[in-house]
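Grab a pencil and have a look at the protein below. We'll work through a few exercises together, one step at a time.

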Amino acid sequence: MTIFATDRLWDEVVVLEGDLQVLRVQSTRDALLCLKNHWPIEDGPAGLMARNVCEQGLASDEDPGFARRAFIEAAKEAGFRVNSWTAA
């Protein structure tokens, strides 16, 4: 797997556990792809916010932590178990 500077790596990986899948997310780009391709809820408010924050984060020098926190909230909304060493 190739990682680019524009992927906006996070300080800490987030692992999501669902009933049928486990997703390992380590960057803003990973989060956006996950939200677009593997998300069980299409129109949840936290999910829509996370998509917007991730898209904005990839197009700017914004702290990747904003996208990480938004993604974690979206994951909780979608019913994933969130595994991370820090809460958000």
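**Exercise 1. Two cysteines**

Task: Find out whether Cys54 is buried or exposed, and work out why the sulfur of Cys54 is in no bond with that of Cys34.

Solution:
- Step 1. Keep in mind that this is a predicted model. Cys54 has a relative accessible area of 0%, and buried means under 20%, so Cys54 is buried.
- Step 2. Now do Cys34. Its relative accessibility is 5%, so Cys34 counts as buried too.
- Step 3. Recall what kind of bond we're after: a disulfide is a covalent bond between the sulfur atoms of two cysteines.
- Step 4. Check the distance. The closest cysteine sulfur to that of Cys54 is in Cys34, 9.5 Å away, and that is too far for a bond. A disulfide needs the sulfur atoms within 2.5 Å.
- Step 5. Wrap up: Cys34 is in no disulfide, and the structure holds zero disulfides.

**Exercise 2. The parts list**

Task: How many helices and strands does the chain have, and in what order do the elements run?

Solution:
- Step 1. Count the elements: you should get three helices and three strands.
- Step 2. Start at the N terminus and read along; the order is β-β-α-α-α-β.
- Step 3. Get a feel for the whole chain. It has 88 residues, and 40% of them are buried.
- Step 4. Look at contacts between residues at least 6 apart in sequence: 54% of these join residues at least 24 apart.

**Exercise 3. Building the sheet**

Task: In what order do the strands of the sheet lie, and which strands are at the edges?

Solution:
- Step 1. Remember the basics: strands of a sheet pair through backbone hydrogen bonds, either parallel or antiparallel.
- Step 2. Follow the strands across. The sheet is open, its order is 2-1-3, and the pairing is antiparallel.
- Step 3. Spot the edges: strand 2 and strand 3 (81-83) each pair on one side only. From one strand to the next, the twist averages 25 degrees.
- Step 4. Zoom in on strand 1 and strand 2. A hairpin of four residues joins them, and five bridges hold this antiparallel pair together.
- Step 5. Pick out individual partners. Leu9 has Ser27 of strand 2 as its bridge partner, while Leu16 stands opposite Leu23 in strand 2.

**Exercise 4. Helices against the sheet**

Task: Which strands does helix 1 touch, and why do its buried residues line one face?

Solution:
- Step 1. See where helix 1 sits: it packs on the sheet and touches strand 1 and strand 2. Its direction makes about 140 degrees with that of strand 2.
- Step 2. List the buried residues of helix 1: Thr28, Ala31, Leu32, Cys34 and Leu35.
- Step 3. Look down the axis of helix 1. Those buried residues fall within an arc of 160 degrees, so they line one face of the helix.
- Step 4. Ask what covers them. The cover includes strand 1, strand 2, helix 2 and helix 3.
- Step 5. Compare with helix 3, which lies across strand 1, strand 2 and strand 3 and runs at about 10 degrees to strand 1.

**Exercise 5. Into the core**

Task: Which residues of the largest nonpolar core touch the most other members?

Solution:
- Step 1. Start with a general idea: in soluble globular proteins, nonpolar side chains tend to be buried together.
- Step 2. Here the largest nonpolar core has 22 residues, and the ones touching the most other members are Trp10, Leu16, Leu35, Trp39, Phe71 and Phe80.
- Step 3. See who contributes. Strand 1 (9-17), strand 2 (22-27), helix 1 (28-37), helix 2 (45-58) and helix 3 (64-77) each supply at least two residues. Helix 3 gives the largest share, six residues.
- Step 4. Take Phe80 as a case. Leaving out residues up to four places away in sequence, Phe80 touches several residues, including Leu16, Leu23, Trp39 and Pro40.

**Exercise 6. A far-off partner**

Task: Where is Pro40, and how many residues separate Pro40 and Phe80 in sequence?

Solution:
- Step 1. Find Pro40 in the loop between helix 1 and helix 2.
- Step 2. Check its surroundings: with a relative accessible area of 53%, Pro40 is exposed.
- Step 3. Compare sequence with space. Pro40 and Phe80 are 40 residues apart in sequence, and their C-alpha atoms are 9.6 Å apart.

Notes
Residues numbered from 1 in each chain as written. Predicted model: local features only at pLDDT ≥ 70, side-chain atom pairs only at ≥ 80, totals over all residues. Heavy atoms only, no water. Core = buried A, V, L, I, M, F, W, Y, C linked by side-chain atoms within 4.5 Å. Buried < 20%, exposed > 50% of the residue type's maximum accessible area, 1.4 Å probe, protein only. Contact = heavy atoms within 4.5 Å. Pairing = 2+ DSSP bridges. Axes fitted to C-alpha atoms, helices over the stretch in contact; angles between N-to-C directions. Arc of directions from axis to C-beta.
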